[in-house]
Amino acid sequence: MASLMTNAIPEVLKHTKQSGKDDATPYIEEYNTFYEHGCESVEDRERRQSEKGKEMISSFYNLVSDFYEYGWAQSFHFAYLQKNEPFACGLQRYEYVLPMRMKVQPDSHLLDLGCGIGGPLRNIAKFARCKVTGVTISEYQVTRGNQIIKEDNLQQQCNIVYGDFLKLPFDDCSFDGVYAIESTCHTMLKSTVYSEAYRVLKPGCFFAGYEWCVTSKYDPNNEKHRQVKFNIEEGNGLPDTATTEEVLEGLKDAGFELVDAYDLAEFLEIPWYSPLSATFTLNGFRHTRLGHYVTHLSVNFLEKLGIIPRGSAQVSKLLMNAARDLVEGGKLGIYTPMYFFVAKRPN
């Protein structure tokens with residue numbers, strides 16, 4: 001067990017120490033207040049969608065980005081997985097679908113809404129031979145993402161800027177394509193965020209993405225369903241979760257012509273939540289339940305030694321619970337992180 005703990009030490013957590021976040025506890029305590037009244041609280045849901053809620057989401061990603069990068073990958077999303085393939089291959093294929101369906105041409109300029117630390121935008125820029133600008137509400141992700149871009153010598157193709165995708169800091173008709181990978185789940189204002197995508201998109205070009213949604217199997221009158229949905233939201237910094245109908249209505253309200261839409265989860269041979277519930281494998285240990293637990297022990301140990309910020313263990317526990325609840329939602333069939341859509345701004 002000692003050797004496993006050593007191997008599980010997340011080196012990237014040292015970035016938080018270097019960036020001056022020596023105590024994450026106040027941020028965690030404030031974050032918890034947005035979910036303190038449980039799944040029936042309309043008041044809490046409204047707070048999560050407010051300006052204060054945006055600050056909460058920013059703080060959330062400042063706290064969890066290093067954990068995501070260590071325990072998952074530099075692409076913060078799920079994937080279409082096939083048997084006997086590396087996890088990274090599934091992540092990349094999931095990303096490559098977007099420029100293909102958007103008919104991206106070389107030297108096009110794309111916008112990534114809610115780009116994280118830029119794993120997808122770097123992969124897409126290299127794959128499609130295009131430029132990609134990413135926007136994120138997390139200042140830490142801007143710094144970390146641009147650091148990786150520089151390390152990969154991709155400054156001519158990629159950059160990340162700070163901004164809110166509900167009010168994008170770009171001129172009208174600036175981009176040849178816009179996409180969002182499991183990011184606009186952080187707002188229920190679908191018409192607003194999609195309208196911003198429409199505004200900055202050139203006429204005749206495409207907007208595509210993957211949305212987190214409750215499925216048609218979700219029963220709002222089922223207490224277990226409501227609790228699992230709330231737990232997922234609490235563990236992932238979500239204000240609420242849209243239905244697929246709300247996503248389509250938001251695209252329509254924004255002025256888009258719908259090209260295609262479907263829940264990719266319905267077509268998978270390997271369930272989307274498998275990496276969170278997998279049994280022990282050498283390549284995927286960090287994704288397993290045991291891997292989560294060993295990492296959590298390591299974080300506790302490092303926090304006590306003062307190597308990583310205070311409160312890191314609380315963040316680790318939050319993410320362990322989030323993984324558990326996503327698996328539960330997936331097994332019940334009431335939740336999907338991969339409702340796929342392609343829409344076009346008319347000429």
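**The second largest pocket and its surroundings**

In this predicted model, the second largest pocket encloses about 390 Å³ of space. Its lining is formed by 20 residues, of which Thr 215, Lys 217, Asp 263, Glu 266 and Gly 333 lie closest to the centre of the pocket. By residue class, the lining divides into 8 nonpolar, 7 polar and 5 charged residues. Three elements of secondary structure, namely helix 11 (244-254), helix 14 (312-332) and strand 8 (335-344), each supply at least two residues of this lining, and the greatest contribution is that of strand 8, with 3 residues.

Strand 8 is also the element in which Thr 336 is placed. With a relative accessible area of 1%, Thr 336 falls under the 20% limit and is therefore classed as buried. The side chain of Thr 336 is joined to that of Asp 263 by a polar contact of 2.7 Å, and Asp 263 is itself one of the residues closest to the centre of the second largest pocket. When neighbours within four places in sequence are left aside, the contacts of Thr 336 comprise Glu 211, Trp 212, Cys 213, Thr 215, Asp 263, Ala 265 and Trp 272; among these, Thr 215 is likewise listed with the residues closest to the pocket centre.

A second buried strand residue is Val 132, which is located in strand 2 (residues 131-136) and has a relative accessible area of 1%. Not counting residues up to four places away in sequence, Val 132 touches His 109, Leu 110, Asp 112, Leu 121, Ile 124, Ala 125, Gln 157, Cys 158, Asn 159 and Tyr 179. The C-alpha atom of Val 132 is separated by 9.4 Å from that of Val 178, a residue 46 positions away along the chain.

In helix 3, which spans residues 25-33, the buried residues are Thr 25, Ile 28 and Tyr 31. Around the helix axis these three residues cover an arc of only 125°, so they lie on the same side of helix 3.

For the protein as a whole, the secondary structure amounts to 14 helices and 8 strands. Of its 347 residues, 56% are buried, a class that includes Thr 336 and Val 132. Among the contacts in the protein with a separation of 6 or more, 76% are accounted for by residues 24 or more positions apart.

Definitions and conventions
Residues numbered from 1 in each chain as written. Predicted model: local features only at pLDDT ≥ 70, side-chain atom pairs only at ≥ 80, totals over all residues. Heavy atoms only, no water. 1 Å grid on protein atoms, 1.4 Å probe; cavity = no way out; pocket = protein on both sides within 12 Å on 5 of 7 lines; lining within 4 Å. Points joined across faces, edges and corners; volume = space filled by probe spheres on them. Helix = DSSP H or I, 4+ residues; strand = E, 2+ residues; numbered from the N terminus. Nonpolar A, V, L, I, M, F, W, Y, C, P; charged D, E, K, R; others polar. Buried < 20%, exposed > 50% of the residue type's maximum accessible area, 1.4 Å probe, protein only. Polar contact = N/O pair within 3.5 Å; in protein donor to acceptor, adjacent residues only side chain to side chain. Contact = heavy atoms within 4.5 Å. Arc of directions from axis to C-beta.
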